[in-house]
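Reader: I'm new to reading protein structures and a bit lost. Could you pick one part, take a close look at it, and then show me how it sits in the whole?

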Amino acid sequence: LVGFGVAGSCVAFSLFSEFLPQKNRGVYLLIIEVFWTIGVIFEALLAWVTLYESDTYHPFRAIGNWRVFLFCTNIPMILVLAFVPFLPESHRFLLIRDKRGKVEKIYKRVAFWNQKELLDGSPTCRKVNTGRFTDFFKKGLRSTMATLIVLWICAAGVYYGVVVLTPEYFGAKTEGQHDGRAGTGLYVETLITSAAELPGLLFSSLLINSVGRKKTLFITYALTATGVALLTLPANRALLTVFAVVTRGMAMGASCSVWVLSTEILPTSVRSSGIGLASSASRVAGALTPFISSLLFEVNPLIPIVIYVIVGSIGALFSLMIPYETKGKALLDTVEESTSAKNTSLPSDGVSVIGRV
């Protein structure tokens, strides 16, 4: 049930992208990812409060620390359910489903909230088949989809790998310094590396509108692979923490940049389903993370390091294989438009009250 719920997050991201102005769409999509990092920091603090074991009295011990942890984790999800009914449907989806009346209602609603006047005329609607799995095998989309799947797998691999590997690595460095209980040092370092995602997102947001999506992905993947490799140096704990901070930030930047690219390069007819397919494929890497970062770490700490350096390098290589740069281009609506997108400078479309989309 948790897996089904998490899988639906890609729909919200896709919906958000379709209401954004074309000029700064990449930056806005990265800004929304900040709230993912805020959630990660919240979880680190929550774990410190509810799961930390000590010899002193603990207020949550009587009812089971892990139960309190899970209960508090679910509170934000209850808030999400309360706000979902207020979200508008995708106007781009309705346009290609020939739902002109519903589209006009959404435009009026957006115009009201933005205090803008609607332009004269009616939106152009058309009837297009949506969500067909066979569309991913069409000429204009199959190579793009294959590249995205590899990028998603690499993004999940390095991100979750770094998340799990760094506590294991620091735990090994301090082995024997505590009696088996999780000390405050581990929680502090987890909190610091989690907060490192914020400068990573800032770094990516500065790059994504200046050098473009492809180069941003290449840089963040390459720096992630480099950061993982630097963890093998015989440095002191403070310097290793710096390496872990930079690596976590770059891994987050790569992951979020893949999200941005996916929403922009996939057409409306398969945007959410395509992101869902790529995200599902990436869960394979996530499922392998405990095996690689924990079990193989016990065999030899260098094994997971080498694996994640290779995964990051593959991500950097495949980022250069993206068919075309999406920076400054309008969102596509059909698979047929994807075929010619790499050879044209796509015009802006959409309605003025919601910006150039």
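Author: Let's start with the word "helix": helices are DSSP runs of H or I with at least four residues, strands are runs of E with at least two, and both are numbered from the N terminus. This is a predicted model, so local features need pLDDT of at least 70 and side-chain atom pairs count only at pLDDT 80 or more, while totals for chains, interfaces and linings use all residues. Residues are numbered from 1 along each chain as its sequence is written, and side-chain values use heavy atoms, with hydrogens and water left out.

Counting that way, the chain has 14 helices and zero strands. Read it from one end to the other and you get α-α-α-α-α-α-α-α-α-α-α-α-α-α. Of its 357 residues, 44% are buried, where buried means under 20% relative accessible area, exposed means over 50%, and partly exposed is in between, with a 1.4 Å probe and protein chains only.

Now for our close-up, helix α3, which covers residues 25-51. One neighbour to look at is α9: the two axes come within 10 Å and cross at roughly 175°. That makes α3 roughly antiparallel to α9. The axes here are lines fitted to C-alpha atoms, for helices over the stretch in contact, and the angles run from 0 to 180 degrees between N-to-C directions. Under 35 degrees counts as roughly parallel, over 145 as roughly antiparallel, 65 to 115 as roughly perpendicular, and the rest as oblique.

Which residues do the touching? On the α3 side, they are G26, V27, L30, E33, V34, W36, T37, V40 and I41. Across from them in α9 you'll find E197, L198, L201, S204, S205 and I208. Contact means heavy atoms within 4.5 Å.

α3 also has something to show on the outside. F16, Y28, I31, I32, F35 and I38 make a nonpolar surface patch of about 530 Å². Helix α3 gives the most to that patch, with five residues. One of the patch residues is I31, which sits in α3 and counts as partly exposed, at 41% relative accessibility. To join a patch, residues need over 30% relative accessible area and no salt bridge; like charges are joined within 9 Å, and nonpolar side chains (Val, Leu, Ile, Met, Phe, Trp, Tyr) within 5 Å. For the whole chain, the accessible surface comes to about 18100 Å², and 69% of it belongs to carbon and sulfur atoms. Those areas come from the Shrake-Rupley method with a 1.4 Å probe, and for residues only the protein chains shown count as cover.

Go back to E197, because this α9 residue also has a partner in α11 (residues 237-265): the side chains of E197 and R248 meet in a salt bridge at 2.8 Å, N to O. The pair ties together parts that are 51 residues apart in sequence. Both ends are hidden away: E197 is buried at 0% relative accessibility, and R248 is buried at 3%. Shared salt-bridge partners also join R25, R213 and E264 into one network. The rule for a salt bridge is a side-chain nitrogen of Lys or Arg within 4 Å of a carboxyl oxygen of Asp or Glu. By this rule the count comes to six.

One of them reaches further along the sequence: R92 and D333 meet at 3.1 Å, N to O. R92 lies in helix α5 and D333 in the loop between α13 and α14, so this pair links parts that are 241 residues apart. R92 is buried at 3%, and D333 is buried at 9%. Another bridge, D135 with K138 at 3.2 Å, has one buried end, D135 at 2%, and one partly exposed end, K138 at 29%.

Last stop, two loops. D98, between α5 and α6, has a positive phi of about 60° although it isn't a glycine. Q115 does a similar thing, with phi near 55°; it sits in the loop between α6 and α7 and is exposed at 65%.
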